[in-house]
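Please examine the structure shown below together with its sequence. The paragraphs after it are intended to be read with both at hand.

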Amino acid sequence: MKFYTDAELAVILDKKHIFRQISQVIDSLGVDGYVVGGYVRDIFLERPSNDIDVVIVSANPTDWEVGCGIKVATELSSQLGKKAHLSVFRNFGTAQVKYCGSEIEFVGARRESYSHDSRKPIVENGTLEDDQNRRDFTINAMAICLNSNRFGELVDPFDGLRDMEDRTIATPLDPDITFSDDPLRMMRCVRFATQLNFQIEPVTFDALCNNSERLKIISGERIADEFNKIMLCPHPSCGIVDLYRSGLLQLILPELVQLDLVETYNGRAHKNNFYHTLEVLENVVKTQQEAALPMADDKVLWLRWAALLHDIGKPKSKRWEPQTGWTFHNHNFIGAKMVPQIFRRMKLPLDTKMKYVQKLVDLHMRPIAIADEEVTDSAVRRLLNDAGDDVDDLMILCEADITSKNVARKQRFLDNFKMVREKIADLKERDYKRLLQPVIDGNEIMEMFGLSPCREVGVLKKTLKDAVLDNRVPNEREPLLQLLIETAGNMGLEQRQSDR
């Protein structure tokens with residue numbers, strides 16, 4: 001963080017020519033204008049930002065009625081010419097100007113009041129003070145004047161600068177009122193703390209706990225959007241722990257909370273699968289960061305989701321077996337079946353993104369099983385066939401899943417994973433993906449034996465595919481044909497006369 005004087009802030013604003021142009025427009029219209037919120041915060045945090053929010057303050061009630069923010073945006077767009085794109089949202093009294101890579105949002109200063117069953121406020125004309133009072137957090141309530149006679153002057157009534165210096169998230173007014181009025185702010189509170197690596201001020205955190213049930217009036221889409229932003233933070237597990245401690249995670253993802261249960265029987269306990277899951281998530285994030293993957297890449301987010309849900313089936317599969325102790329047989333299969341239910345409830349996409357997460361959850365035990373024994377070509381062929389183009393992501397997840405504190409055991413798994421990766425690379429190089437599908441397909445089988453689509457055709461196809469995957473028969477027509485005829489004969493199927 002860096003402190004600036006008003007004169008230094010004026011110099012910083014001058015680096016974007018748009019601010020002087022806004023200054024000229026608001027002066028000519030006789031209104032006051034302030035850049036507010038995240039853009040101001042990020043100046044002091046030395047973070048890049050192209051999203052600019054400008055509040056327009058007018059003493060003339062008529063300006064509010066016609067939309068003083070819209071009025072300023074329209075005039076600015078007119079002066080900027082063809083390079084500017086104006087969007088007007090008259091129902092909300094806002095307007096946006098896109099210009100040279102920046103998006104400037106204009107709105108009139110307002111004060112708000114809320115009813116208990118809705119986060120949609122009753123809005124009235126207000127002063128700058130009213131507008132700052134309604135802001136979510138002190139670090140987002142700072143404003144810098146854009147009028148020429150006060151250009152660069154900081155207005156910070158809630159000591160947002162001090163909170164930034166202390167790395168603290170706090171609300172401008174009573175946090176219980178702030179969160180009860182708009183419960184989505186609770187998600188934003190955790191998100192900002194996670195993004196910025198700040199602490200939530202104790203009274204503010206108590207208000208999260210006190211008002212967590214209010215989250216129920218927020219739409220799933222908005223909750224999912226904030227949750228995904230937390231998932232994309234440098235250390236998402238910190239945000240998930242804050243959500244858990246405040247009671248919000250219990251409402252958002254109760255299946256994850258159920259992992260935080262350690263049972264002991266006959267003196268033997270299993271590991272805490274909640275904190276194991278967070279460790280796996282952090283391992284995946286670290287791998288992605290080391291690879292310098294672009295955060296805009298969809299797979300960055302959804303691989304993290306796969307890590308978060310990879311053991312979600314364990315509570316349902318947990319059993320005590322006298323010979324082996326605690327077991328979680330088929331938890332990957334159970335977890336994969338739970339993924340669509342979770343995505344549907346959370347209003348997450350049900351398209352290929354969900355199927356990608358479901359696939360990785362389902363397959364995440366396969367490489368571990370391979371690595372725990374001899375790494376055979378046959379097993380790796382099957383893995384490559386089932387994982388397809390996502391096999392590298394699956395390996396990242398599986399390597400992240402090795403959180404054992406037994407150093408020797410962990411190293412043995414990682415060494416075997418290295419062998420699995422080498423065999424995958426070798427098989428890819430030899431274009432096994434193309435060769436994995438037997439050269440005799442289902443249509444030819446049906447024609448040879450005069451069959452319609454039926455169970456017998458599926459059995460014959462599986463026999464050929466298994467033989468190829470296990471390298472018992474080369475993927476060539478004559479040896480596969482011989483195996484097909486022999487297997488069909490054992491099933492009582494006769495080849496059509498014309499095909500003999």
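The text that follows considers helix packing, a buried helix, the cysteines and two individual residues.

The model is a predicted one. Two packed helices are described by the angle between their axes and the distance between the axes. Consider helix α16, which spans residues 298-309, and helix α19, which spans residues 352-363. Their axes come within 9 Å and cross at roughly 45°. Because of that angle, α16 is oblique to α19. The crossing of these two helices is right-handed. On the α16 side, the contact is formed by Asp298, Lys299, Trp302, Leu303, Trp305, Ala306 and Leu309. These residues meet Lys353, Tyr356, Val357, Leu360 and Val361 of α19. By residue class, the contact of α16 with α19 comprises 9 nonpolar and 3 charged residues, with no polar ones.

Helix α19 also packs against helix α22, which covers residues 391-400: the axes come within 10 Å and cross at roughly 55°. The angle therefore makes α19 oblique to α22, and the crossing is right-handed. In this contact, Tyr356, Leu360 and Leu363 of α19 face Asp393, Leu394 and Leu397 of α22. The residues involved divide into 5 nonpolar and 1 charged, and no polar residue is present. Tyr356 and Leu360 of α19 thus take part in the contact with α16 and in the contact with α22.

One residue links the α16 region to another helix. Gln288 lies in helix α15, which runs over residues 273-290. Is Gln288 buried or exposed? Its relative accessible area is 4%, so Gln288 is buried. When neighbours within four places in sequence are set aside, Gln288 is in contact with Leu293, Lys299, Val300, Leu303 and Arg304. Among these partners, Lys299 and Leu303 are also α16 residues that meet α19.

Helix α12, residues 236-246, is a case of burial along a whole element. Of its 11 residues, 8 are buried, and α12 is therefore largely enclosed by the rest of the structure. The buried residues are Pro236, Ser237, Gly239, Ile240, Asp242, Leu243, Tyr244 and Ser246. Just after the helix, Gly247 takes a positive phi of about 90°.

The cysteines come next. A disulfide is a covalent bond between the sulfur atoms of two cysteines. How many disulfides does the structure hold? The count is 0. Cys238 is in no disulfide, and the nearest cysteine sulfur, that of Cys233, is 9.2 Å away. With a relative accessibility of 45%, Cys238 counts as partly exposed. For Cys68, the closest cysteine sulfur belongs to Cys145 and lies 15 Å away, which is too far for a bond. Cys68 is buried, its relative accessible area being 4%.

The last residue to be considered is Ile43, placed in helix α3, residues 38-45. At 10% relative accessibility, Ile43 counts as buried, because the cut-off for a buried residue is under 20% relative accessible area. Which residues is Ile43 in contact with, leaving aside its neighbours within four places in sequence? They are Tyr4, Leu9, Ile12, Leu13 and Ile144. In addition, the C-alpha atoms of Ile43 and Lys2 are separated by 8.3 Å, although the two residues are 41 residues apart along the chain.

Definitions and conventions. Residues numbered from 1 in each chain as written. Predicted model: local features only at pLDDT ≥ 70, side-chain atom pairs only at ≥ 80, totals over all residues. Heavy atoms only, no water. Axes fitted to C-alpha atoms, helices over the stretch in contact; angles between N-to-C directions. Helix = DSSP H or I, 4+ residues; strand = E, 2+ residues; numbered from the N terminus. Parallel < 35°, antiparallel > 145°, perpendicular 65-115°, else oblique. Left-handed = near helix turned anticlockwise from the far one by under 90°. Contact = heavy atoms within 4.5 Å. Nonpolar A, V, L, I, M, F, W, Y, C, P; charged D, E, K, R; others polar. Buried < 20%, exposed > 50% of the residue type's maximum accessible area, 1.4 Å probe, protein only. Disulfide = S-S within 2.5 Å.
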